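The following note sets out several points for a colleague who is meeting this structure for the first time. Please read it alongside the sequence and the coordinates shown below.

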Amino acid sequence: MSKVFNYGTDHLTAGICIDIASGKTNGVINGPTAERVRTSWREVEKIVHDHNPVYGINTGFGPLCDTRISEADTSLLQSNLLKSHSVGVGKPIPTEIAKLMLITKVHALAQGYSGIALETLERIIWHIDNDIIPVVPEKGSVGASGDLAPLAHLFLPLIGSGEVFASGNRLATSGILSAHGLKPLVLGPKEGLALINGTQFILAFAVKAVQRLNDALNAADIIGAMSIEGLMGSARPFDARLHALRPYKGNKFVAKRLHTLLKDSEICNSHVNCDRVQDPYSLRCMPQVHGASRNAWLHLKEMTEIELNSVTDNPIIFNAEDTISGGNFHGQPMAIPLDYATIASAELGNIADRRCYLMSEGRYGLPKLLTNNAGLHSGLMIPQYTTAALVTENKTLCFPASADSVPTSLGQEDHVSMGSISGRKLHQVIDNLEYIQAIELLYASQAMDFRRPLKSTPVIEACHQLVRSKVPFIDDDRIFADDINQLHQLITNGDLLTTANHTATANQIILNDDDFGIY
């Protein structure tokens, strides 16, 4: 049975949001929340009937805020708003991201400060529950008056316009509504503005990034530990006493994970008294580098959770006599953490590329290019070219979008966050990172095989065995793109982390910490 989440009342996290999107949790509006929503709606009706000038309810929008709108036209004003602001371009965003936008929007509106009609919220929830997801173009938001363009596209289906994805097909909304016996909604005063003002485009990308980057961080430690074994690196730099002297939370956690992953390894123990004084940075500084990226992830997680439980439209309705036209829709609080997380993701790829290069050099008893037949065979010479290309592409994506601002709306919106671009760029970097990690996994597994008959620890051996179930040991040259794609799938479908976690549990090994989870 699915868990239940009460929109507008319960505390939303990235993990819960993803569970609602995947159907593991059922989002509902309970009685008290429904009444709170109705109360806010009645306050907006009172504003209209009393002819009190309130932005977006009985005035125009943006630079037209001084233009008064008649009571008779307040509903038309709202539907016109959705149509005129639907100016997005480019490919549709993934349906999961659009669904997360719907979920986060319902939670914000259900808090009762937006003047939305309960019927409108129920229709949005219908879209979520039936997996009928609006088509939202990827480009067009500057992340300031909220994500105006993408949110306008997201809610066109409410008025019978736009397109949706349903059962894998891209269809006109009108046909879908007819097939389900539904009619387009007639938006009331304030509703269109409440729907398109907000940060839900930025926020949906942030929610998914919290999950994806967390997985990438966990994979980085496991693959990094395998590389240490392949290179016969030392576990001494992961001593807890060292990191207590510089106690960054992420650093300490990574050091503990690496120490745990390598504890009682035959490979590690075989060279405890060797004459190597210290390892290259890409090995011994993993707690500092992976840990710094974890610190950035913690910041993103914290900011995302605050945003998830915030009201970000405008104006805010406390009651008919008390409304505030402010700037809760501005994306800057999320744009900067997203840019920070982009750099953090890129750095995971940078250090992984260095470990790939290190394993190909023929040092520490490994054959050059990790092949016994170098010359006739190129071995693992060229996969590192791909990591080099990917890390460079990531560097070009690290320019912070939040450092830029282009005035819009005839200067009324004279500073914008560009956070929508921050969110999209972060996922591009993570896309590249997952391929870099797949290539490091290829190198590390090959390097470990040259240490046989020595064995590593249960978790690392289980991960190595998983790799070998998909990609055999490399004796001769072959099409390595096929191997990379196989290992990429192990990373993106979660099999690598599932194998590590299940093996750890079976051997009573503690690898994780609730502080570094997504809930």
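1. Helix H9 gives the most to the lining of the largest pocket, with nine residues. The model under discussion is a predicted one. H9 covers residues 200-230, and the other elements that each supply at least two lining residues are helix H1 (14-22), strand S3 (89-92), H4, helix H17 (419-449), helix H19 (480-492) and helix H20 (495-506).

2. The volume of this largest pocket is about 1100 Å³. Its lining comprises 42 residues, and those nearest the centre are Ile18, Lys208, Gln211, Arg212 and Asp215. When the lining is sorted by class, 15 residues are nonpolar, 14 are polar and 13 are charged.

3. Lys208 deserves separate attention, as one of the residues nearest the centre of the largest pocket. Lysine 208 forms a salt bridge with glutamate 96, and the closest N and O atoms are 3.1 Å apart. This pair links distant parts of the chain, since glutamate 96 belongs to helix H4 and lysine 208 to helix H9, 112 residues apart. Are the two partners buried or exposed? Lysine 208 has a relative accessibility of 15% and therefore counts as buried, whereas glutamate 96, at 30%, is partly exposed.

4. Helix H4 also contains lysine 99, which forms a salt bridge with aspartate 131, with the closest N and O atoms 2.7 Å apart. Aspartate 131 lies in the loop between H5 and strand S4 (133-134), so the pair ties together parts that are 32 residues apart in sequence. Lysine 99 is buried at 8% relative accessibility; aspartate 131 is partly exposed at 43%.

5. How many salt bridges does a search of the whole structure find? The total is 21. Among them is the pair of glutamate 35 and arginine 42, whose closest N and O atoms are 2.9 Å apart. Glutamate 35 is partly exposed, with a relative accessible area of 36%, and arginine 42 is likewise partly exposed, with 42%. Elsewhere, Asp449, Arg452, Glu461 and Arg468 are joined into one network by salt bridges that share partners.

6. The search for cavities of 30 Å³ or more across the whole structure returns one. The largest cavity has a volume of about 30 Å³, and its lining consists of Asn218, Ile222, Arg257, Leu497, Asn501, Leu511 and Asn512. H9 and H20 are the elements that give two or more residues to this lining. By class, the cavity lining has three nonpolar, three polar and one charged residues.

7. Helix H6, residues 148-155, is largely enclosed by the rest of the structure, because eight of its eight residues are buried. These buried residues are Leu148, Ala149, Pro150, Leu151, Ala152, His153, Leu154 and Phe155.

8. On the surface, Tyr113, Phe318 and Ile324 form a nonpolar patch, and together they have about 280 Å² of accessible area. Tyrosine 113 is located in the loop between helix H4 (95-109) and helix H5 (118-129). With a relative accessible area of 34%, tyrosine 113 is partly exposed.

9. A final point concerns aspartate 482, which lies in helix H19. Aspartate 482 counts as partly exposed, with 46% relative accessibility. A distance of 19 Å separates the C-alpha atom of aspartate 482 from that of glycine 494, 12 residues apart along the chain.

Methods: Residues are numbered from 1 along each chain as its sequence is written. This is a predicted model: local features need pLDDT of at least 70, side-chain atom pairs count only at pLDDT 80 or more; totals for chains, interfaces and linings use all residues. Side-chain values use heavy atoms; hydrogens and water are left out. Patches are made of residues with over 30% relative accessible area and no salt bridge: like charges are joined within 9 Å, nonpolar side chains (Val, Leu, Ile, Met, Phe, Trp, Tyr) within 5 Å. Accessible areas come from the Shrake-Rupley method with a 1.4 Å probe; for residues, only the protein chains shown count as cover. A salt bridge is a side-chain nitrogen of Lys or Arg within 4 Å of a carboxyl oxygen of Asp or Glu. Helices (H or I, at least four residues) and strands (E, at least two) are DSSP runs, numbered from the N terminus. Buried means under 20% relative accessible area, exposed over 50%, partly exposed in between (1.4 Å probe, protein chains only). On a 1 Å grid over the protein atoms alone, a cavity is a set of points where a 1.4 Å probe fits but cannot get out, and a pocket is an open set with protein on both sides within 12 Å along at least five of seven lines; lining residues have an atom within 4 Å of a point. Grid points are joined across faces, edges and corners, and a volume is the space filled by probe spheres set on the points. Ala, Val, Leu, Ile, Met, Phe, Trp, Tyr, Cys and Pro count as nonpolar, Asp, Glu, Lys and Arg as charged, and the others, Gly among them, as polar.
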